[in-house]
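Here is a short walk through one model, helix by helix. Keep the viewer open and click along as you read.

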Amino acid sequence: MQLLKRILSFYISASIHVALSVYALIRMTFHFFHIAYDEPMILFAFFGTIVGYNFVKYEALVRAEKVRWSRQLKGIVVVSVVSFAVAGYYFFHLERITQLVAIGFLALTLLYTLPVFPKIGNARNWAGVKIYIVAFCWAGITLFLPILNAGLTLSHDVWLKFCQRFLLIIILILIFEIIDLKNDDLSLQTVPQKLGVAKTKILNLFLLIPFYFLEFLKSDFQVQQLWINLVLVVVIALFTVFSSPKRSNYYTDFWVESIPIFWWFMVFYAENM
């Protein structure tokens, strides 16, 4: 049992689980826009996510020299270095436009993490901004990069899907912020800090409405997808209602983070049944 806990802890701490969620959303993009499986694109995003998230999580500790080099942290460094090499390899197999946009998202990640502006710190600590940067990066990387690499145009349906995905990430982040309320610095001015837990839950449930009904505006929406999205909305609503600062971080770090994977599994099952 202890071994399984250590494996799960490493799986989450090394950002492998969050990378799998990115993988799932890109596979959804392939499905919705009829894109053939694109190995360089999806593996660049998967391993790049591991590098990016580990950089965001551990860079400040390394810079402040507050790192305790446990066996797990050393393993995370190894995973990050290998992931960096793999992501770098596949980066050079992407289309030029995809590379340029990917560099733009990298710059945004650095702005989010590093104190580029010494007097105001990094973007992660800008009050009220963090949630939008994270949502924009997730939606852009999992939607725009595959679309551009496939040579498709940013059509009406692409922008609708971007809005829907942006909303999804905002909704999931709000659940994270409820759980993290007990640890977040007050200067961050997160939504639960400003509105309270109850009103944040109401806001989240309200945001699920446009998330769901955006599907109707697509030029080729499918009834089957409406049912899948309805199940997804119910699941997210339940996670929202039962969220609490008293819950373990596994509630979000594993279960809530699994929602994109669950969504992809539902689409995959419906497609192949």
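Is Ile141 buried, partly exposed or exposed? With a relative accessible area of 24%, Ile141 is partly exposed, because the buried class stops under 20% and the exposed class begins over 50%. Please keep in mind that this is a predicted model.

## Ile141 and Cys137 in helix 6

Ile141 is placed in helix 6, which covers residues 130–149. Setting aside neighbours within four places in sequence, its contacts are Ile26, Ala45, Phe105 and Pro146. If you want a distance to check in the viewer, try Ile141 and Trp69: they are 72 residues apart along the chain, and their C-alpha atoms are separated by 32 Å.

Cys137 also lies in helix 6. Cys137 has a relative accessible area of 11% and is therefore buried. Not counting residues up to four places away in sequence, Cys137 touches Phe105 and Leu108. Phe105 thus appears among the contacts of Ile141 and among those of Cys137. Between the C-alpha atoms of Cys137 and Phe176, 39 residues apart along the chain, the separation is 17 Å.

## Helix 6 against helix 7

Helix 6 packs with helix 7 at an angle of about 140°, and their axes are 8 Å apart. The crossing of these two helices is right-handed. The list of residues that meet here includes Ile131, Tyr132, Phe136, Trp138, Leu143 and Phe144 from helix 6. On the helix 7 side, the list includes Trp159, Phe162, Arg165, Phe166, Ile169 and Glu177.

## The nonpolar core

How many residues does the largest nonpolar core have? The count is 74, and the residues with the most contacts inside this core are Phe44, Phe211, Ile236, Val256 and Trp263. Helix 7, residues 156–179, gives the most to the core, with 14 residues. As background, nonpolar side chains in soluble globular proteins tend to be buried together.

Val256 makes a good place to zoom in. Leaving out residues up to four places away in sequence, Val256 touches Leu172, Ile175, Phe176, Phe239 and Tyr251.

## Helix 1 and its crossing with helix 4

Helix 1 runs over residues 2–13, and its 12 residues should span 16 Å at 1.5 Å a residue. The end C-alpha atoms are 16 Å apart, so the expected and computed spans agree.

The axes of helix 1 and helix 4, residues 71–91, come within 10 Å and cross at roughly 45°. That angle makes helix 1 oblique to helix 4. The crossing is right-handed. In this contact, Arg6, Ser9, Phe10 and Ser13 of helix 1 meet Gln72, Gly75, Ile76 and Val79 of helix 4.

## Helix 2 and the residues around it

Helix 2 spans residues 16–32, 17 residues in total, and reaches 24 Å from its first C-alpha to its last, close to the 24 Å expected at 1.5 Å a residue. Of these 17 residues, 13 are buried, so helix 2 is largely enclosed by the rest of the structure.

Two residues with positive phi are worth a look here. Most residues other than glycine have a negative phi. Ser15 has a phi near 65°, a positive value in a residue other than glycine, and is located in the loop between helix 1 and helix 2. His34 has a phi near 55°, again positive in a residue other than glycine, and sits in the loop between helix 2 and helix 3 (39–63). Which of the classes, buried or exposed, does each belong to? Ser15 counts as buried, at 1% relative accessibility, whereas His34 is exposed, with a relative accessible area of 64%.

## A buried lysine in a loop

Lys218 belongs to the loop between helix 9 (197–213) and helix 10 (223–241). Its relative accessible area is 11%, so Lys218 is buried. What does Lys218 contact, leaving aside its neighbours within four places in sequence? The contacts are Phe32, Asp157, Leu160 and Lys161. Lys161 is also listed where helix 7 meets helix 6.

Definitions and conventions:
Residues numbered from 1 in each chain as written. Predicted model: local features only at pLDDT ≥ 70, side-chain atom pairs only at ≥ 80, totals over all residues. Heavy atoms only, no water. Helix = DSSP H or I, 4+ residues; strand = E, 2+ residues; numbered from the N terminus. Expected span 1.5 Å × (residues − 1). Buried < 20%, exposed > 50% of the residue type's maximum accessible area, 1.4 Å probe, protein only. Contact = heavy atoms within 4.5 Å. Core = buried A, V, L, I, M, F, W, Y, C linked by side-chain atoms within 4.5 Å. Axes fitted to C-alpha atoms, helices over the stretch in contact; angles between N-to-C directions. Parallel < 35°, antiparallel > 145°, perpendicular 65-115°, else oblique. Left-handed = near helix turned anticlockwise from the far one by under 90°.
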